[in-house]
Amino acid sequence: MTVSGIYAWQNREPSPRAQENARLVRRIREIHEDSRGVLGGPRMHEYPRDEGERGRLNRIARLMAAERI
């Protein structure tokens, strides 16, 4: 990899998937706080879906685990 390639990579915007994951994590945190921390992945999956958000159960569970929610 060239030096110019490294600088280009460092200054690149996050991918659309990474941006959507960040937005979904913010929403998951809101729902988790509203439920006083009792919702797990399966029940958490229902709320964003009902609001028209995209996100499968495994994706929600993976994001929750990565964020230690």
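Leaving aside its neighbours within four places in sequence, with which residues is Asn21 in contact? In this predicted model, Asn21 is found in helix α2, and beyond its sequence neighbours within four places it touches Arg59, Arg62 and Leu63. With a relative accessible area of 14%, Asn21 falls under the 20% cut-off and is therefore classed as buried.

Helix α2, which comprises residues 16-34, may be considered as a whole before its partners are described. At 1.5 Å a residue, its 19 residues should span 27 Å, and the C-alpha atoms at its two ends are indeed 27 Å apart, so expectation and model agree. The buried residues of α2 are Glu20, Asn21, Leu24, Val25, Ile28, Ile31 and His32. When the helix is viewed down its axis, these buried residues fall within an arc of 145°, and they therefore line one face of α2. On the other side of the helix, Arg26, Glu33 and Asp34 are exposed. The cover over the buried residues of α2 includes helix α3 and helix α4, the latter formed by residues 57-66.

The packing of α2 against α3 can be examined in more detail. Two packed helices are described by the angle between their axes and by the distance between those axes. Here the axes of α2 and of α3, the helix of residues 41-50, come within 10 Å and cross at roughly 115°, and the crossing in which α2 passes α3 is right-handed. On the α2 side the contact is made by Leu24, Ile28, Ile31 and His32, while α3 contributes Met44, Tyr47 and Pro48. Sorted by class, the residues of this contact are six nonpolar and one polar, with no charged residues. Leu24, Ile28, Ile31 and His32 also appear among the buried residues of α2.

His32, which lies in helix α2, deserves separate attention. Its relative accessibility is 19%, which lies under the 20% limit, and His32 therefore counts as buried. When neighbours within four places in sequence are set aside, His32 is in contact with Gly37, Leu39, Met44, Met64 and Ile69. Of these partners, Met44 is one of the residues through which α3 meets α2, and Met64 is one of the buried residues of α4. A separation along the chain can also be compared with a separation in space: His32 and Ala8 are 24 residues apart in sequence, and their C-alpha atoms are separated by 37 Å.

A similar description applies to helix α4, in which Arg59, Ile60, Leu63 and Met64 are buried. These four cover an arc of only 130° around the axis, which means that they sit on the same side of α4. The face turned away from that buried side carries the exposed residues Asn58, Ala65 and Ala66. The buried residues of α4 are covered by elements that include α2 and α3. For the contact with α2, Asn21 provides an example, since two of the buried residues of α4, Arg59 and Leu63, are among its contacts. Ala65, which lies in helix α4, has a relative accessible area of 55%, a value over the 50% cut-off, and is therefore classed as exposed. Ala65 and Gly41 are 24 residues apart along the chain, and their C-alpha atoms are separated by 9.2 Å.

Finally, the backbone was examined at positions that follow helices. Just after α2, Arg36 takes a positive phi of about 60°, although Arg36 is not a glycine. The place of Arg36 is in the loop between α2 and α3, where this residue is exposed, with a relative accessible area of 76%. Helix α4, in turn, is followed by Arg68, whose phi is also positive, near 55°, and this residue, too, is not a glycine. Arg68 is found in the segment after α4 and is exposed, with a relative accessible area of 77%.

Terms used. Residues numbered from 1 in each chain as written. Predicted model: local features only at pLDDT ≥ 70, side-chain atom pairs only at ≥ 80, totals over all residues. Heavy atoms only, no water. Axes fitted to C-alpha atoms, helices over the stretch in contact; angles between N-to-C directions. Left-handed = near helix turned anticlockwise from the far one by under 90°. Contact = heavy atoms within 4.5 Å. Nonpolar A, V, L, I, M, F, W, Y, C, P; charged D, E, K, R; others polar. Expected span 1.5 Å × (residues − 1). Buried < 20%, exposed > 50% of the residue type's maximum accessible area, 1.4 Å probe, protein only. Arc of directions from axis to C-beta.
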